[in-house]
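Please read the points below with the structure open beside you, and look up each place as it comes. Terms are explained where they are needed.

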Amino acid sequence: MSRGPLGVAMHGATGRMGLRIIQLIAEAEDLALSAAIERPGHARMGEDVGPIAGLGPVGMPLVDRIDGPIDVLIDFSAPGASLAIASSCAERGIPLVVGTTGFEPGQRAELDRLTDRIPILVASNFSKAVNLLMHLVGEASRVLGDSADIEVVERHHRFKKDAPSGTALRLAEVAAEAIGTDRFVHGRHGQVGERPAGEIGLHALRTGDNPGEHTVVFGLMGECLELSHRALNRDGFARGALDAARFLAGKPPGRYSMEDLLRLGRG
Ligand SMILES: NC(=O)C1=CN([C@@H]2O[C@H](COP(=O)(O)OP(=O)(O)OC[C@H]3O[C@@H](n4cnc5c(N)ncnc54)[C@H](OP(=O)(O)O)[C@@H]3O)[C@@H](O)[C@H]2O)C=CC1
Ligand SMILES: O=C(O)C1=N[C@H](C(=O)O)C[C@H](O)C1
């Protein structure tokens, strides 16, 4: 017996990611938008989200809370808002896909605690290629780590609120796990002295409307390896988040990752 389309709620519905995801849901035969959620007091609260997303009417008003049946909720908002919607999902047993970045360690732990009540997939980046990049960075770090200086450089649009990006932090963590260090340096300035071995540098650039670039530099004596990903628009993130929603719906409570979805060994 075939079931109907998967009902997806979007939290952060009028944001850059929210709008693109709503457009892609409208194109997908196996998905239906079941709620468009924004912050209380949003200027367009109660309006049909279709025209806000550049579509025709979709009969789905912008709301400020979960109401009605939802198969899975996707969140691209802000850390505090993300935690608040996560506890509403836990109360209602709704699987949750989290794309928001910039969590403090305590906030991340709070999110993790909810995984004993609902399935949650958190990813700092939903792009397939970026998740492969994480895998490759682990491999390169294992092979070159003893002799290479590892630095992560990211570029994003001027509107981004957190730095460095969640992806840059994850790339640095992957490299750090591989070489056995916990020394991270965020930018450099002044008389910092010679670079010691075993530290990992992170550098965040903010320019124009750049949707996101990440490069991991492995600098050796006489040569340099760079592994890079450049997003040309937000589709890789948005399509990946929808794949995560399809993957997560119906799963038992627990913590899930893009490595589970993409069947990558680590990352
Ligand atoms: N994992 C991934 O692949 C990706 C992750 N991201 C991350 O996703 C997040 C959102 O990015 P982006 O879409 O560019 O950001 P935007 O600022 O464009 O969108 C965020 C949306 O969330 C809304 N929001 C903020 N607070 C609340 C609240 N309390 N309740 C409901 N909605 C709220 C914002 O409303 P308002 O404008 O009124 O504040 C806005 O509409 C960021 O953390 C970003 O780093 C982004 C791209 C890819
Ligand atoms: O804010 C963004 O735009 C992005 N944020 C994510 C991050 O912080 O890593 C992912 C992507 O790079 C775009």
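Which residues is Cys-224 in contact with, leaving aside its neighbours within four places in sequence? The answer comes in the second point, after a word on the model.

1. This is a predicted model, in which local features need pLDDT of at least 70 and side-chain atom pairs count only at pLDDT 80 or more, while totals for chains, interfaces and linings use all residues. Residues are numbered from 1 along each chain as its sequence is written, chains are lettered from A and ligands numbered from 1 in the order in which they are written, and side-chain values use heavy atoms, with hydrogens and water left out.

2. Cys-224 is in contact with Val-217 and Phe-218, once neighbours within four places in sequence are set aside; contact here means heavy atoms within 4.5 Å. Cys-224 is found in strand E11, where helices (H or I, at least four residues) and strands (E, at least two) are DSSP runs, numbered from the N terminus. Cys-224 counts as partly exposed because its relative accessibility is 48%; by the definition used, buried means under 20% relative accessible area, exposed over 50%, and partly exposed in between (1.4 Å probe, protein chains only). Between the C-alpha atoms of Cys-224 and Gly-59, which are 165 residues apart along the chain, there are 54 Å.

3. Met-221 sits in the loop between strand E10 (213-220) and strand E11 (223-230). With a relative accessibility of 77%, Met-221 counts as exposed. Measuring from C-alpha to C-alpha, Met-221 and Ala-35 are 55 Å apart in space and 186 residues apart in sequence.

4. Ile-179 belongs to helix H6 and is partly exposed, because its relative accessible area is 26%. Not counting residues up to four places away in sequence, Ile-179 touches Ser-141, Gly-145, Ile-150, Gly-198 and Ile-200. Ile-179 and Lys-160 are separated by 19 residues in sequence and by 30 Å in space, C-alpha to C-alpha.

5. Two residues in the segment after helix H8 (258-262) can be taken together: Leu-264 and Arg-263. Is Leu-264 buried or exposed? Leu-264 counts as buried, because its relative accessibility is 19%, whereas Arg-263 is exposed, with a relative accessible area of 76%. Arg-263 also has a positive phi of about 55°, although it is not a glycine. Leaving aside neighbours within four places in sequence, Leu-264 is in contact with Asn-131, Leu-132, His-135 and Glu-259.

6. The backbone has a further detail to check at Pro-164, which lies in the loop between strand E7 (149-156) and H6. The peptide bond that joins Ala-163 and Pro-164 is cis, with omega of about -10°.

7. A search of the whole structure finds 2 aromatic pairs. One of them is formed by Phe-247 and Tyr-256, and it is edge-to-face, at 6.1 Å centre to centre with 80° between the planes. Rings of Phe, Tyr and Trp (its six-membered ring) pair if their centres lie within 6.5 Å, and planes under 30 degrees apart count as stacked, over 60 as edge-to-face and the rest as tilted. Phe-247 and Tyr-256 are both buried. Lys-251 lies over the face of Phe-247, at 4.2 Å from the ring centre; a charge sits over a ring if NZ of Lys or CZ of Arg is within 6 Å of the ring centre and within 35 degrees of the ring normal.

8. Last comes the largest pocket, whose lining has 37 residues, and among these the closest to its centre are Arg-16, Met-17, Phe-76, Ser-77 and Ala-78. On a 1 Å grid over the protein atoms alone, a pocket is an open set of points where a 1.4 Å probe fits, with protein on both sides within 12 Å along at least five of seven lines, and lining residues have an atom within 4 Å of a point. Helix H1 (16-27), helix H3 (79-92) and helix H6 (166-179) each supply at least two residues of this lining, and the largest share, 3 residues, comes from H1.
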